[in-house]
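Morning, everyone. I have a short walk through one structure for you. Please bring it up on your screens.

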Amino acid sequence: MGYDIAMEPPTPREFVRLRSAAGMRERSLDAARAGIGNECAAVTIRADGDLVGMGRIVGDGATVFQIVDIAVAPDHQGRGLGSRIMDELVSWLEANARPSAFINLIASEPGFYEGFDFETCAPELVGMDFTLPTESESSHAQ
């Protein structure tokens, strides 16, 4: 099967669909519409025109970059597509980021990212997240 790799973001609908198919935390279509296109860099992989892989770099474009949304459709996993996505994103960082930039990611599979020279930064640094309550949760609190 042939794959087409491009340095471009997915559409918001494709983004939401692939995150869901890959078992990642859901993002709303409204949020995707607001956010997709604002990244520093993005990679998409398509098979017969359909999105089967993606990854993005977000940040301020100078001091901080975060690799996010690395996803491959389940039917296309195990074919090196995640590595191809990371190769493209790391190449972009090497060409565009300043040496003093903070480059990070949150990993559910740390061993995969270690192959791209990412290191666990704990105990000096610890990844943390914050989730806003949904509208229904907010209305119950009032």
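Which element gives the most to the lining of the second largest pocket? That is β5, with four residues. Before going further, a caution: this is a predicted model.

Let's stay with that pocket. The volume of the second largest pocket is about 580 Å³. Its lining has 17 residues. Lying nearest the centre are N104, L105, E119, T120 and C121. Two elements, β5 (102-105) and α4, give two or more residues each to this lining. By class, the lining has 12 nonpolar residues, three polar and two charged.

Now the largest pocket. Here the space comes to about 1200 Å³. The lining takes 36 residues. Look for R19, M24, R27, D69 and I106, which lie nearest the centre. Several elements bring at least two residues each: α1, β3, β4, α3 and α4 (110-114). The most comes from β4, with seven residues. As for class, 18 lining residues are nonpolar, nine are polar and nine are charged.

Keep D69 on screen for a moment. We just met D69 among the residues nearest the centre of the largest pocket. D69 sits in strand β4. Its phi is near 60°, a positive value in a residue that is not glycine. Is D69 buried or exposed? Buried: the relative accessible area of D69 is 9%.

D117 also has a positive phi, about 70°, and D117 is not a glycine either. Its place is the loop between α4 and α5. D117 is exposed, at 69% relative accessible area.

That loop has another feature to point out. P123 lies in the loop between α4 and α5 (135-141). The peptide bond running from A122 to P123 is cis, and omega is near 10°.

On to the core. How many residues are in the largest nonpolar core? There are 31. The ones with the most contacts inside this core are I57, I67, I70, I85, M86, L89 and F118. At least two core residues come from each of α1 (12-21), β2 (41-47), β3 (50-59), β4 (64-72) and α3 (81-96). The largest share is from α3, which supplies six.

Take I57 as an example. Set aside the neighbours within four places in sequence. I57 then contacts E39, C40 and A41. I57 also touches F65, Q66 and I67. The list for I57 ends with L89, W92 and L93.

C40 was on that list of contacts, which brings us to the cysteines. How many disulfides does a search of the whole structure find? Zero. Why is C40 not bonded to C121? The closest cysteine sulfur to that of C40 is in C121, and it is 19 Å away, so the gap is too far for a bond. From the other side, C121 is in no disulfide, and its nearest cysteine sulfur is that of C40.

What about exposure? C40 is partly exposed, with a relative accessible area of 23%. C121 counts as partly exposed too, at 37%. And remember where we began: C121 is one of the residues nearest the centre of the second largest pocket.

That's my tour. Over to you.

Notes
Residues are numbered from 1 along each chain as its sequence is written. This is a predicted model: local features need pLDDT of at least 70, side-chain atom pairs count only at pLDDT 80 or more; totals for chains, interfaces and linings use all residues. Side-chain values use heavy atoms; hydrogens and water are left out. A nonpolar core is a set of buried Ala, Val, Leu, Ile, Met, Phe, Trp, Tyr and Cys residues joined through side-chain atoms within 4.5 Å. Buried means under 20% relative accessible area, exposed over 50%, partly exposed in between (1.4 Å probe, protein chains only). Contact means heavy atoms within 4.5 Å. A disulfide is a pair of cysteine sulfur atoms within 2.5 Å. On a 1 Å grid over the protein atoms alone, a cavity is a set of points where a 1.4 Å probe fits but cannot get out, and a pocket is an open set with protein on both sides within 12 Å along at least five of seven lines; lining residues have an atom within 4 Å of a point. Grid points are joined across faces, edges and corners, and a volume is the space filled by probe spheres set on the points. Ala, Val, Leu, Ile, Met, Phe, Trp, Tyr, Cys and Pro count as nonpolar, Asp, Glu, Lys and Arg as charged, and the others, Gly among them, as polar.
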